[in-house]
Number of protein chains: 2
Amino acid sequence: MPVWYNWRLMALIECIPNVSEGRRQDVLDACAAAITGAGARLLDVKPDATHHRTVFTFAGSAPAVKSAVLALFDTAVRAIDLRQHAGEHPRMGAVDVVPFVPIDGVTMADCVALAKDVGAEVASRHGIPVFLYEEAASAPSRRNLEDIRRGEFEGLAAKLSQPEWRPDFGPAAPHASAGACAIGARMPLIAYNINLATDRLDVAKKIAAAVRHSSGGLRFVKAMGVDLADRGIVQVSMNLTNHEKTPMSRVFELVKREAARYGVAVLESEIVGLVPASALSAAAAWYLQLEAFTDDQVLENRLK
Amino acid sequence: MPVWYNWRLMALIECIPNVSEGRRQDVLDACAAAITGAGARLLDVKPDATHHRTVFTFAGSAPAVKSAVLALFDTAVRAIDLRQHAGEHPRMGAVDVVPFVPIDGVTMADCVALAKDVGAEVASRHGIPVFLYEEAASAPSRRNLEDIRRGEFEGLAAKLSQPEWRPDFGPAAPHASAGACAIGARMPLIAYNINLATDRLDVAKKIAAAVRHSSGGLRFVKAMGVDLADRGIVQVSMNLTNHEKTPMSRVFELVKREAARYGVAVLESEIVGLVPASALSAAAAWYLQLEAFTDDQVLENRLK
């Protein structure tokens with residue numbers, strides 16, 4: 001075996017802030033410029049006029065991502081007034097929600113620490129109440145974003161006055177125009193669909209119920225049965241919310257086995273959007289029965 | 001589906017020159033400095049005193065890799081005299097063999113063009129005869145490195161005087177001290193072993209014979225049966241010489257099926273050393289039956 005030169009993975013964090021502006025292009029351009037100007041790599045901007053909301057996706061080292069979020073707040077708080085905002089998507093702040101996702105060379109604990117660091121700074125700079133959520137939550141009742149946001153911007157003053165909804169950082173009263181914000185840490189989502197060689201929607205729904213967490217299935221799977229009528233087939237449409245603890249191979253094999261019980265075969269599967277490299281190498285290692293395999297055996301990882 | 005920002009893969013070529021010096025550390029240090037000084041990323045240096053030979057592994061863009069090879073020749077040709085060289089490994093030159101391997105964002109044709117470019121420059125700078133080999137070979141009889149090198153340094157003058165062994169670049173006579181060189185292009189090798197839940201060496205040998213190219217098996221597989229006596233098991237030990245045309249999933253499934261014919265199960269498999277990311281994502285895609293999957297769906301690839 002060769003003795004390889006030492007190497008280190010580049011620490012890489014993804015951040016997907018949701019901003020309550022989906023219509024004014026100049027504001028979106030200013031937000032994008034704030035992110036890239038701070039040294040983060042902007043990967044995607046997805047505005048939605050109906051929701052009056054835009055999802056930015058960017059990535060970088062912890063310091064770059066922190067600077068980008070702070071610059072985004074500076075821009076969005078100046079430009080967005082929630083008192084003038086109406087859209088279909090629930091929201092409570094100008095920058096509504098900021099999740100940090102560990103991608104490479106960083107732990108979830110690093111992302112939790114980053115969420116707290118950024119949350120404290122946002123609160124002290126702007127006087128915005130900040131709630132920590134998901135993996136960064138200070139209590140189990142605050143893990144779920146929907147619970148934090150219930151009541152939305154218009155209900156914030158009343159909500160923040162309740163002792164159980166004191167924010168983690170900042171004042172117990174909303175920012176007049178920018179409301180409040182949820183900042184947290186979570187695993188990357190994988191949007192994963194499995195298409196069945198049948199048009200029986202009842203089978204897709206039964207399989208979805210069998211594999212999803214909410215009805216007795218795998219811990220980090222959300223699933224529903226969907227009719228792909230134009231193709232004459234059905235689909236088990238899933239979100240995998242922690243691919244390390246509930247890996248793709250286990251999900252695929254369980255769906256295939258449940259389908260076989262109805263005499264149905266798996267036609268194909270699909271990943272919608274992006275997938276972390278480690279989720280794919282874990283699937284390869286499982287199916288190939290690879291012993292003692294580590295991601296530092298991937299050639300490209302040597303070059304980071 | 002989000003509209004993603006444009007991105008390009010970084011063009012990445014691996015180069016694994018074999019140099020006829022495995023004992024003098026100062027010469028090896030000078031070779032390593034020549035490579036890194038030219039802007040390539042040195043990944044590994046593996047000297048062998050018995051062979052009196054060292055394998056350098058480095059990577060970079062085409063211009064960086066070209067500069068590194070030329071700098072390596074400058075250093076090695078000054079420091080190494082084949083007339084004073086004796087080791088166990090066959091050799092014909094101070095820099096004996098230089099393969100270019102496409103890793104990411106480059107084609108085999110790019111690596112063939114690079115081999116020709118570098119070969120012409122080495123010949124004109126140093127007056128060294130250069131043979132193109134493997135994918136860069138100018139004739140089928142020159143694909144195989146062993147055929148080119150047969151006769152070694154000591155037989156070069158006689159060999160080069162034959163019309164069928166005129167070099168592709170440079171004079172039809174050896175460089176007095178630096179001999180000749182083979183420069184070419186090939187796919188990355190994957191060293192892949194499958195361990196069987198049996199101590200029957202005959203089974204491992206029969207499976208190796210069934211799956212390897214030379215005896216009727218898969219086109220890009222070399223294989224032999226090996227006894228792992230200390231563990232009480234046997235192994236099918238393989239080199240996969242083109243993982244795109246003969247993918248890991250097909251090799252694994254064929255070995256597993258052949259083993260079953262003898263009532264033997266696959267215990268585990270192992271990758272020795274490095275593996276390209278695309279070989280793993282292809283295995284994941286095959287087993288998960290992923291439709292329309294491309295490597296640009298891998299999150300990390302967006303960030304290159």
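**Pairs, sheets and two copies**

Q: Which residue of β10(B) stands opposite Ile194(B)?
A: Ile194(B) stands opposite Val236(B). This is a predicted model, in which local features need pLDDT of at least 70 and side-chain atom pairs count only at pLDDT 80 or more, while totals for chains, interfaces and linings use all residues. Residues are numbered from 1 along each chain as its sequence is written, and chains are lettered from A and ligands numbered from 1 in the order in which they are written.

Q: What makes β8 and β10 of chain B a pair?
A: Two strands pair if DSSP finds at least two bridges between them. Strand β8 (residues 190-196) and strand β10 (residues 233-240) of chain B have seven, in the antiparallel sense, so they meet that definition. Strands here are DSSP runs of E of at least two residues, and helices are runs of H or I of at least four, numbered from the N terminus.

Q: How do you know that β8(B) also pairs with β11(B)?
A: Six bridges join these antiparallel strands, and therefore the cut-off for a pair is met here too. Asn195(B), for one, stands opposite Glu268(B) in β11(B).

Q: Why are β9 and β11 of chain B called edge strands?
A: The open sheet has four strands in the order β9-β10-β8-β11 (chain B), with antiparallel pairing. β9 (221-228) and β11 (266-272) of chain B each pair on one side only. From one strand to the next, the twist averages 20°.

Q: What makes β8(B) largely enclosed by the rest of the structure?
A: A residue is buried if 20 or more other C-beta atoms, placed from the backbone, lie within 10 Å of its own (12 or fewer is exposed, in between is partly exposed). Five of the seven residues of β8(B) are buried, which is why this strand counts as largely enclosed.

Q: How do you know that both faces of β1 of chain A are covered?
A: On one side of strand β1 (residues 12-15) of chain A are Leu12(A) and Glu14(A), on the other Ile13(A) and Cys15(A), and all are buried. β1(A) is joined by four bridges to antiparallel strand β5 (residues 95-104) of chain A, where Phe100(A) is the bridge partner of Cys15(A). With strand β4 (residues 53-60) of chain A, β1(A) pairs in the antiparallel sense over three bridges, and there Ala59(A) is the bridge partner of Glu14(A).

Q: Why are the two copies said to be related as by a two-fold rotation axis?
A: Copies are superposed by least squares on the C-alpha atoms of residues with pLDDT of at least 70 in both. Chain B can be laid on chain A with an RMSD of 0.1 Å by a turn of 180° and a shift of 0.0 Å along the axis. The two copies are therefore related as by a two-fold rotation axis. In chain B, the C-alpha of Ala284(B) is nearest this axis, 2.3 Å from it.

Q: How do you know that the same surface serves both copies?
A: Residues are in contact if their C-beta atoms, placed from the backbone, lie within 7 Å. Of the contact residues of chain B, 100% recur in chain A. In all, 41 residues of chain B are in contact with 41 residues of chain A. On the side of chain B that touches chain A, α8(B) gives the largest share, six residues.

How values were computed:
Axes fitted to C-alpha atoms, helices over the stretch in contact; angles between N-to-C directions. Contact = placed C-beta atoms within 7 Å.
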